[in-house]
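Reader: Please take a close look at one part of this model, the small sheet near the start of the chain and what packs around it, and then place that part in the whole.

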Amino acid sequence: MLPYRQVLYDLAENQHGYLTAAQAKATGVPAIRLVQMVKEGTVERISHGVYRLTRFPSSQLAQYMEATLWPAPRRTDIWGVLSHESALAFYELSEVSPAKVHITVPPTVRIRRVVPRYLVLHRAQLDPSDVTVIDGIHVTSVERTIRDVAAAHLSSALVRAAIADGRRLGRLTAAQAERLTEDLLRTMPSRHAEAGSVRDE
C-alpha cells in the first residue's frame, strides 16, 4: 500500500496541487490523517474541505482549480464548472479580463457557506456536451461559454470578438461560428460598452 502522502500527491498531481476531503477519503486517506498532515505543514487548508499540497509547484491555473472544487468539497460527483467571462479568459477569446472567477453549479446544489469575494456563482443545469475538462479543470464548452456571456449581457463587441477569435484559433467550427452569429449578434441590442469592459455580478 502506498504511503498516504504519495496517495495524495498522485491525486493532486492532475489538479494543480489541489484536492478535496471527499477525494482524499475516496482514495483511502483517513480524515484524521489529513488533519495531521495539515498540522505537519505537508498540506494546507484553503477553504472548507479544500486542500493544497504545500510543496506542489504553483500554477497560473491554480485559482481556477480552487474555484471549481469549492462548491462541493464533500462530494466527488459534483464540480463547479468554469464559465462565463472566466471561461472566455481561459480560452483566450476576446480581451475580456474578469475581476472575479465565474463558475456554474447545478440548481440543486445547496451552498450555505458564504461565497468568497473572488467568486461569482451561476446556476444552470449543464448538459454533458456543454462541459469539457482541460488541464484538470471543468470548463464550459466554447459555444456554451459564448452563449452564456451573451445571455449575461456582455457587450456585443466582446461577443463578436469571442466568436471571431474562436474561429481564428480553431476552437469553433465555421458552422458553430455562423450559428452563434445568427442566434446572438443579429438579435442583440447594440451596446456602447467598451470592448474591454466586463460586468461582474
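Author: What follows goes from the sheet to two of its residues, then to the spaces beside it and the rest of the chain.

This is a predicted model: local features need pLDDT of at least 70 and side-chain atom pairs count only at pLDDT 80 or more, while totals for chains, interfaces and linings use all residues. Residues are numbered from 1 along each chain as its sequence is written, and side-chain values use heavy atoms, with hydrogens and water left out.

Helices and strands here are DSSP runs numbered from the N terminus (helices are H or I, at least four residues; strands are E, at least two). The sheet is open and has three strands in the order β1-β3-β2, with antiparallel pairing. Two strands pair if DSSP finds at least two bridges between them. β1 (18-20) and β2 (43-47) are the edge strands, each pairing on one side only. On average, neighbouring strands of this sheet are turned by 35 degrees against each other, direction ignored. Axes are lines fitted to C-alpha atoms, for helices over the stretch in contact, and angles run from 0 to 180 degrees between N-to-C directions. Strands of a sheet pair through backbone hydrogen bonds, either parallel or antiparallel.

Between β2 and β3 there are four bridges, and the two strands run antiparallel. One of the pairs is Ser47 with its bridge partner Val50 in β3. Helix α1 (residues 4-12) lies across β1, β2 and β3 and runs at about 110 degrees to β1.

Two residues of the sheet deserve a closer look. Arg52 belongs to strand β3 (residues 50-53). Arg52 counts as buried because its relative accessible area is 11%; the classes are buried under 20%, exposed over 50% and partly exposed in between, with a 1.4 Å probe and protein chains only. The Arg52 side chain reaches the backbone oxygen of Phe56 at 2.7 Å. This is judged as a polar contact, a pair of N or O atoms within 3.5 Å; within protein, one must be able to donate a hydrogen and the other to accept it, and residues adjacent in sequence count only if both atoms are side-chain atoms. Beyond its neighbours within four places in sequence, Arg52 is in contact (heavy atoms within 4.5 Å) with Gly17, Tyr18, Thr42, Val43, Glu44, Ile46, Pro57 and Ser58.

Tyr18, one of those partners of Arg52, is found in strand β1. Tyr18 is also buried, with a relative accessible area of 5%. Not counting residues up to four places away in sequence, Tyr18 touches Ala12, Ile46, Val50, Tyr51, Arg52, Ala62, Met65, Glu66 and Leu69. Leu8 is ten residues from Tyr18 in sequence, and their C-alpha atoms are 9.2 Å apart in space.

Leu8 and Phe56 return in the lining of the largest pocket, together with Arg5, Gln6, Tyr9, Met37, Glu40, Gly41, Thr42, Leu53, Thr54 and Arg55. On a 1 Å grid over the protein atoms alone, a pocket is an open set of points with protein on both sides within 12 Å along at least five of seven lines, a cavity is a set where a 1.4 Å probe fits but cannot get out, and lining residues have an atom within 4 Å of a point. The space in this pocket is about 210 Å³, where grid points are joined across faces, edges and corners and a volume is the space filled by probe spheres set on the points. Helix α1 gives the largest share of the lining, four residues, and α1 and α3 (31-40) each supply at least two.

The structure also holds two cavities of 30 Å³ or more. The largest cavity has a volume of about 60 Å³. Among the residues lining it are Thr20, Thr68, Leu69 and Trp79.

As for the whole, the protein chain has eight helices and eight strands. Of its 201 residues, 49% count as buried. The C-alpha atoms fill a box of roughly 60 × 35 × 30 Å, taken along the principal axes. Among contacts between residues at least 6 apart in sequence, 61% join residues at least 24 apart.
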